[in-house]
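Reader: I have a structure to study and some questions about it. Can we go through them one at a time?

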Amino acid sequence: MKILIAGATGAIGRPLCRLLQADGHEVAGLARSAERAAALRAAGVEPHVCDVYDAGSVHDAVAAAAPEVLIHQLTAIPANVDIRRYERDFAQTERLRREATPHLMAAARAAGVRRVLCQSISFMTAPQGPRIHDESARSFTEAQHQFGPMVRATDAMERSVLGTPDVEGVVLRYGFFYGPGTSYSPDGGIVAEIARRRFPVAGGGTGVSSFVHIDDAAAATVAALTGGTPGIYNVCDDEPAAMHEWLPAMAAAAGAKPPRRVPAFLARLAAGAHAVHFATEMRGNSNAKFKRTFGWTPSHPSWQEGFDEVFATR
Ligand SMILES: NC(=O)c1ccc[n+]([C@@H]2O[C@H](COP(=O)([O-])OP(=O)(O)OC[C@H]3O[C@@H](n4cnc5c(N)ncnc54)[C@H](OP(=O)(O)O)[C@@H]3O)[C@@H](O)[C@H]2O)c1
């Protein structure tokens, strides 16, 4: 199959390209400059240079690549996110989701692309109802803190992907990436914060995270190239975990001291209401729909064993 990736050089793009190539697919990628095109070529990926904020430029690049499937993995997340400045640090990713997505979808439709797979996030559901949410839970678009703009931009992106006629829109709501090349890895930005004891368990740590090993996220993406029906799918491991469980476990796996514990009001003052949302009320996610539909099982079903494996190579 001819497959075009937007974001082929990113944390998921790299293992995804390798898997697709190993399966015998012809892989092309969008590049924002000649320099980035060279990085793609070095990875055996056919580059197509364009400006994702220019509709005509994207149209021409997608038409030239003429893929059967387009995979949208564009994000612009800093290596070291400052939780206190979440809105600032995610502004570029929000812009990509809002502005570049409609260009990619229009170009895909014009080029007769059969399916678009699009990276989204599983952890944006409203903090109500059960501890574990499936894809029917509504998004937290009314959030009044720094996470709000991200949820609203991601929701807009999903609507663009699912609402484009003639293209099978498949939204992959990944859990939190961990493993090589991510911020939850031995040299990752969040692990550095954990090692400095600057990532505390806040307000009891009852907020739930669903993780996914980066290689499982890539493999799930390959599984979603064909079959199933258009729509939204959670892609995460089998064991959603409360912060008071996973954070001490990650600190231990990374050889760091246990995290500090702080009351919610202090965390709100120090980092903001969004940080307290993540720590105390965020919901985890079920991967049952994706497994059932695409016959996928994660090779790292448990974050606990996955963390131990990732940090064993320290
Ligand atoms: N669900 C999750 O937990 C999740 C999801 C995504 C990312 N992350 C984390 O965020 C961190 C950074 O992610 P990342 O390594 O994937 O890097 P990134 O900086 O977010 O970039 C991802 C991809 O988007 C491309 N891109 C960014 N801005 C672009 C623009 N204006 N025009 C065209 N292409 C653009 C990049 O291309 P270039 O080569 O041109 O930079 C790259 O291929 C990692 O720690 C990762 O684990 C987590």
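Reader: Which residue has a polar backbone atom 2.9 Å from an oxygen atom of the ligand?

Author: This is a predicted model. A polar contact needs a pair of N or O atoms within 3.5 Å. At 2.9 Å from an oxygen atom of the ligand, the polar backbone atom in question meets that limit, and it belongs to S183.

Reader: How much of the ligand's accessible area does the protein cover?

Author: On its own, the ligand has 880 Å² of accessible area. Its shell holds 19 residues, with T9, A11, R32, R36 and T75 the closest. The share of the ligand's area covered by the protein is 83%.

Reader: Is K2 buried or exposed?

Author: K2 lies in strand 1 and pairs with E26 in strand 2, 24 residues apart. Their side chains meet in a salt bridge, at 4.0 Å from N to O. Buried means under 20% relative accessible area. Because the relative accessibility of K2 is 16%, K2 counts as buried.

Reader: How many residues apart in sequence are the parts that K291 and D238 tie together?

Author: K291 and D238 form a salt bridge, their closest N and O atoms being 2.9 Å apart. K291 is in helix 12, whereas D238 is in the loop between strand 12 and strand 13, so the pair ties together parts whose separation in sequence is 53 residues.

Reader: Which residue of the nonpolar surface patch formed by F265, L266 and L269 is found in helix 10 (residues 264-270)?

Author: The patch has about 350 Å² of accessible area together. One of its residues counts as partly exposed at 40% relative accessibility. The residue found in helix 10 is L266.

How values were computed. Residues are numbered from 1 along each chain as its sequence is written. This is a predicted model: local features need pLDDT of at least 70, side-chain atom pairs count only at pLDDT 80 or more; totals for chains, interfaces and linings use all residues. Side-chain values use heavy atoms; hydrogens and water are left out. Patches are made of residues with over 30% relative accessible area and no salt bridge: like charges are joined within 9 Å, nonpolar side chains (Val, Leu, Ile, Met, Phe, Trp, Tyr) within 5 Å. Accessible areas come from the Shrake-Rupley method with a 1.4 Å probe; for residues, only the protein chains shown count as cover. Helices (H or I, at least four residues) and strands (E, at least two) are DSSP runs, numbered from the N terminus. Buried means under 20% relative accessible area, exposed over 50%, partly exposed in between (1.4 Å probe, protein chains only). A residue is near a molecule or strand if one of its heavy atoms lies within 4 Å of it. A polar contact is a pair of N or O atoms within 3.5 Å; within protein, one must be able to donate a hydrogen and the other to accept it, and residues adjacent in sequence count only if both atoms are side-chain atoms.
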